[in-house]
There are 2 protein chains.
Amino acid sequence: MPARPAAQNAPSPRKSQRTRGRVLDAAARLLASSGYAHTNLSDVAAAAGMKAGSLYYHFDSKEALVEEVLRYGTMHSFEHVRSEVERLGPTASPAEQLRAAIQAHLDSLHTLGDYASAGLRIVDQAPEPIRRRQYAIHRRYGDYWHGLLERAQSAGLLAPDLDLLMARLFLFGAMNSSVDWPASARRSTEDLTTALLALMGV
Amino acid sequence: MPARPAAQNAPSPRKSQRTRGRVLDAAARLLASSGYAHTNLSDVAAAAGMKAGSLYYHFDSKEALVEEVLRYGTMHSFEHVRSEVERLGPTASPAEQLRAAIQAHLDSLHTLGDYASAGLRIVDQAPEPIRRRQYAIHRRYGDYWHGLLERAQSAGLLAPDLDLLMARLFLFGAMNSSVDWPASARRSTEDLTTALLALMGV
DNA sequence: GTCTATATAGAGATAGAC
DNA sequence: GTCTATCTCTATATAGAC
């Protein structure tokens with residue numbers, strides 16, 4: 001997977017495309033660290049080595065810029081989780097798959113890059129139109145996790161009467177909150193994964 | 001506990017104090033539903049039946065107003081959780097206490113009122129100076145939960161090697177996220193409590 | 001105490017020179 | 001493609017009349 005969205009048919013990207021990429025990189029970094037409201041276009045432009053007005057050659061609006069970051073980030077996380085689970089092979093137990101998925105999701109948030117982090121963190125802060133359009137991607141991601149949890153439940157790792165929708169949302173809330181933890185709680189994603197699974201009694 | 005902060009020595013509050021209370025009520029409601037950035041003083045003033053400029057007779061700044069809502073809200077949640085746990089009496093098991101605490105925290109978020117909801121939700125969105133001053137209150141609340149989790153761990157409800165700091169932060173993340181859940185996942189706080197405890201295998 | 005009017009600042013966005 | 005300059009809008013906050 002490329003480090004950032006690439007033009008559809010651009011075997012050797014033009015300067016325009018590379019600049020556009022720098023803008024997206026800067027936006028992703030600022031969105032991931034400062035949130036939607038606190039990220040202004042002047043800072044994005046400065047981080048990309050240009051002035052605010054110049055951004056509009058590459059993007060129609062702040063919303064369009066943010067949306068592209070979010071869309072790519074969420075898909076990136078999704079792909080990462082799925083590939084990490086599939087890397088285990090078809091013989092992996094539901095417990096092993098669940099652990100791999102949790103660690104991959106946490107890695108997306110903490111170490112995989114700004115796009116993934118922004119994609120998972122900022123959606124709730126973004127304006128309603130953006131949220132609506134992001135919904136399809138998130139639902140597919142949610143469906144994938146639903147399958148993981150179903151297998152875990154069938155294998156007896158989760159209580160048989162546990163509502164899997166609530167379980168998934170609680171799990172996402174727990175994992176996603178970790179980016180806002182105080183410095184005193186900073187741990188490796190392996191440690192986070194182990195603790196979360198232990199909290200679940202798995 | 002009163003519905004909102006009352007003047008220190010005001011057995012029969014003056015009109016000024018009652019108006020000030022209306023402003024706080026309006027601010028709490030808007031902060032709880034719209035977040036820090038989207039809550040502007042014009043809307044607060046309108047909801048309190050006045051114009052934006054008039055707010056400055058009662059509060060020095062937006063930050064001062066928000067901070068008073070947050071401080072009261074967090075303390076309110078804290079008091080509610082502690083009183084619900086204590087209501088069980090000294091013979092209650094750690095499992096019963098944990099359930100009562102989780103449900104009380106969720107009730108703070110969902111049904112107890114705007115102050116409590118705002119206090120738990122928007123601290124992370126508030127400007128840094130506010131966050132710093134809120135820290136003492138949150139740490140006391142965290143310490144209280146730490147005690148609950150310690151007893152649960154001693155009683156065998158939680159894995160003996162589980163890091164209780166991470167456990168508490170994951171738990172808070174899970175509970176607090178529930179206010180942002182989609183409408184399709186709306187449940188009673190009893191159902192939420194049952195699901196979260198089931199996810200923990202308790 | 002609350003009003004109207006306004007100062008001030010910052011944001012997103014546009015226009016036209018280069 | 002990027003610049004500078006500027007428009008517009010919204011927000012916090014202030015000043016002075018009532």
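## Sorting the residues

Ala, Val, Leu, Ile, Met, Phe, Trp, Tyr, Cys and Pro count as nonpolar, Asp, Glu, Lys and Arg count as charged, and the others, Gly among them, count as polar. With that in hand, the surface near DNA strand C (near means that a heavy atom of the residue lies within 4 Å of the strand) has four nonpolar, eight polar and two charged residues.

## Before you dig in

This is a predicted model, where local features need pLDDT of at least 70 and side-chain atom pairs count only at pLDDT 80 or more, while totals for chains, interfaces and linings use all residues. Residues are numbered from 1 along each chain as its sequence is written, chains are lettered from A and ligands numbered from 1 in the order in which they are written, and side-chain values use heavy atoms, with hydrogens and water left out.

## Around DNA strand C

Let's start with strand C. There are 14 residues around it, and A:Asn40, B:Ser16, B:Lys51, B:Ser54 and B:His58 come nearest. Of the strand C atoms within 4 Å of the protein, 75% are part of sugar or phosphate, and the rest belong to bases.

Now look for polar contacts (pairs of N or O atoms within 3.5 Å; within protein, one must be able to donate a hydrogen and the other to accept it, and residues adjacent in sequence count only if both atoms are side-chain atoms). A:Asn40 has a polar side-chain atom 2.4 Å from a phosphate oxygen of strand C. For B:Ser54 the distance from a polar side-chain atom to a phosphate oxygen of this strand is 2.7 Å. Helix 1 (15-38) and helix 3 (55-58) of chain B are the elements that give two or more residues to this surface; helices here are DSSP runs of H or I, at least four residues, numbered from the N terminus.

## Around DNA strand D

Which residues come nearest to strand D? Of the 14 around it, they are A:Ser16, A:Lys51, A:Ser54, A:His58 and B:Lys62. Sugar and phosphate make up 77% of the strand D atoms within 4 Å of the protein.

A polar side-chain atom of A:Ser54 sits 2.7 Å from a phosphate oxygen of strand D, and one of B:Tyr56 sits 2.9 Å from a phosphate oxygen of that strand.

## A stop at B:Glu96

B:Glu96 is in helix 5 (residues 94-110) of chain B. Is B:Glu96 buried, partly exposed or exposed? Its relative accessible area is 44%, so B:Glu96 is partly exposed (buried is under 20%, exposed over 50%, partly exposed in between, with a 1.4 Å probe and protein chains only). A polar atom of its side chain lies 2.9 Å from the backbone nitrogen of B:Ser93.
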